[in-house]
Amino acid sequence: DINLKKYNFKNIKSYQNILDDKHINTKQWWVLKNIPKRKLEINNKNQIFDQIESLLEKSTKEQLISDVPIGVFLSGGVDSSLILSQIVKNKSNVDTFNIGFDFKEYDESEDANKIAKIFKTNHNHYVCNKNEAISMIDKINDAFSEPFADSSQIPTMLVSQIARKKVKVILGGDGGDEIFGGYNRYLLANKYWKYLKYFPKPFNLIFSAHKILPKNLIFKIFYNYFNLSGFSKNKISTYNKILNKIEKIHSRQSFYENLVVEWSDDNIFNEKISNKENHGGLYSDKNLNFEEWMMSVDFNTYLPDDILCKVDRSSMLFSLEARSPFLNKDLIEFVYNLPFEFKINNQITKWSSKKILEKYLPKELIYKSKQGFGVPLAEWFRNELKDYVYDNLSKKSCDKHNFFNYKVIQQTLDNHYNRNINSEFKIWSLIQFNSWYNKFIH
């Protein structure tokens, strides 16, 4: 409790100031790590699937309460399809929304259209062209009001704009990946950490060799040794990026951080920036394996700070309310206490979700490679957005705040344009900061 009339709010310049202030007490009403540990008696796996489905149906039924038109984001992936499978039990004439692109490698709309037909929804599918997607970049600062560099914000804003023409509330599948183990990085942890944790120094020497040995030779060794099925042998720039990250791995935490962080120790800042967040200290539960530890960190950081923020602000820019049935306390607590095999089983992510979905969809629409909700920034930066990149990342623009080491920016751009390393996400993060700074600060 504080006396608001006497309190000096000028002392509050960051959220950390609030946490450190002795006059202010903060308390979380629910925390993942404090979930009561319950040992579930599992006699039949199908019984567990039924319980999960029952909890999810209950949650979606509650989220359907609305006095305005309500619809569903249908990406064509497992999570949104599973949500839809529960919604149609309690609601008829369901409106579903999906956008496709005229750049096919990023278009998952064909599967969404098939799924909509199976569930007999009123499907709203819109194909966006390249110019429409690029034009949405100008609205990013209006939507987020802070530097926010998840490029999937672009298609999220586009589909929100389309949905708002028919509904005012939208349900989506956010949270499913963090709860049920859906990200490919969990598979990478399971597959490769068992090698790296025992041989950090020798591996670092081997991976460092890619800087001096012929690219084709070291790539062949790397590709064959790790059996990278589905990894294009032509994507040398992606291979270089992977090897650069592996060089920096020396612990479980650094393994995770190199999978999720674009700028780590690249000396991008002119001054050392203090990062008080310590992923390693978030959860020290010895009962969690590496993948479960990563899931818990994602649940507490990536989910609220990126995914939910992205969806909320992208949708609310068009006065559309987004709801997430997966984020139900009872459902989360039940799944959290399940054995790991119910989340990732024999290298199959979201195993329980997929087994439940088998009741409603053919397997070819369920068991497929995970596809992100993104846009081809890498090529846009080299073509349509080349001038935009150089304008935003000019020395004149960066000198306004002088936070960044400009030599590092130049090297990053050179690597990208020479196709040595795909630096699209690094470049995007720099652009988002500079465009925000120029609009709101300078």
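This briefing walks through the helix packing, burial and a few loop residues of the chain.

Keep in mind that the model is predicted. The chain has 442 residues, and 49% of them count as buried. Its secondary structure comes to 23 helices and five strands. Looking at contacts between residues at least 6 apart in sequence, 77% join residues at least 24 apart.

**Helix α22 and its partner α23**

- Let's start with α22, residues 406–417, and α23, residues 424–440: their axes come within 10 Å and cross at roughly 135°.
- That angle makes α22 oblique to α23, because it falls in neither the over-145 class for roughly antiparallel nor the 65 to 115 class for roughly perpendicular.
- On the α22 side, the contact is made by Ile-409, Thr-412, Leu-413 and His-416.
- On the α23 side, Glu-424, Lys-426, Ile-427 and Leu-430 do the job.
- Sorted by type, the residues of this contact between α22 and α23 come out as four nonpolar, two polar and two charged.
- As for handedness, α22 passes α23 in a left-handed crossing.
- The length of α22 checks out too: at 1.5 Å a residue, its 12 residues should span 16 Å, and its end C-alpha atoms are indeed 16 Å apart.
- The buried residues in α22 are Tyr-406, Val-408, Ile-409, Thr-412, Leu-413, Asn-415, His-416 and Tyr-417.
- Those buried residues of α22 are covered by elements including α19 (377–382), α20 (386–392), α21 (395–398) and α23.

**Helix α9 against α15**

- Another pair to look at is α9 (residues 184–196) with α15 (residues 290–300), whose axes come within 9 Å and cross at roughly 150°.
- With the roughly antiparallel class starting over 145 degrees, α9 and α15 are therefore roughly antiparallel to each other.
- Here the crossing is right-handed, as α9 passes α15.
- From α9, the residues making the contact are Arg-185, Tyr-186, Ala-189, Asn-190 and Trp-193.
- From α15, they are Phe-290, Glu-291, Met-294, Met-295 and Asp-298.
- The residues of the α9 and α15 contact split into six nonpolar, one polar and three charged.

**Helix α3, wrapped up by the rest**

- In α3 (residues 78–87), 10 of the 10 residues are buried, so this helix is largely enclosed by the rest of the structure.
- The buried residues of α3 are Val-78, Asp-79, Ser-80, Ser-81, Leu-82, Ile-83, Leu-84, Ser-85, Gln-86 and Ile-87.

**The loop between α6 and α7**

- Ser-151 sits in the loop between α6 (140–144) and α7 (153–163).
- Ser-151 has 7% relative accessibility, so it counts as buried, the cut-off being under 20%.
- Setting aside residues up to four places away in sequence, Ser-151 touches Val-375, Leu-377, Phe-425 and Trp-428.
- Ser-145 is found in the loop between α6 and α7 as well.
- Ser-145 is partly exposed, with a relative accessible area of 46%.
- Backbone-wise, phi of Ser-145 is near 60°, a positive value in a residue other than glycine.

**Around α17 and the loop after it**

- Val-335 lies in helix α17 and counts as buried, at 1% relative accessibility.
- Leaving out neighbours within four places in sequence, Val-335 is in contact with Ile-179, Phe-180 and Lys-343.
- Val-335 and Ser-352 are 17 residues apart along the chain, and their C-alpha atoms are separated by 9.5 Å.
- Lys-350 is found in the loop between α17 (329–336) and α18 (351–357).
- Lys-350 is buried, with a relative accessible area of 5%.
- Phi of Lys-350 is near 50°, a positive value in a residue other than glycine.

**An exposed loop residue: His-250**

- His-250 lies in the loop between α12 (236–246) and α13 (252–260).
- At 61% relative accessibility, His-250 counts as exposed, a label that takes over 50%.
- In sequence, His-250 and Leu-196 are 54 residues apart, while in space they are 8.0 Å apart, C-alpha to C-alpha.

Key. Residues are numbered from 1 along each chain as its sequence is written. This is a predicted model: local features need pLDDT of at least 70, side-chain atom pairs count only at pLDDT 80 or more; totals for chains, interfaces and linings use all residues. Side-chain values use heavy atoms; hydrogens and water are left out. Axes are lines fitted to C-alpha atoms, for helices over the stretch in contact, and angles run from 0 to 180 degrees between N-to-C directions. Helices (H or I, at least four residues) and strands (E, at least two) are DSSP runs, numbered from the N terminus. Angles under 35 degrees count as roughly parallel, over 145 as roughly antiparallel, 65 to 115 as roughly perpendicular and the rest as oblique. A crossing is left-handed if the near helix is turned anticlockwise from the far one by less than a right angle, and right-handed if clockwise. Contact means heavy atoms within 4.5 Å. Ala, Val, Leu, Ile, Met, Phe, Trp, Tyr, Cys and Pro count as nonpolar, Asp, Glu, Lys and Arg as charged, and the others, Gly among them, as polar. Buried means under 20% relative accessible area, exposed over 50%, partly exposed in between (1.4 Å probe, protein chains only). The expected span of a helix is 1.5 Å times one less than its number of residues.
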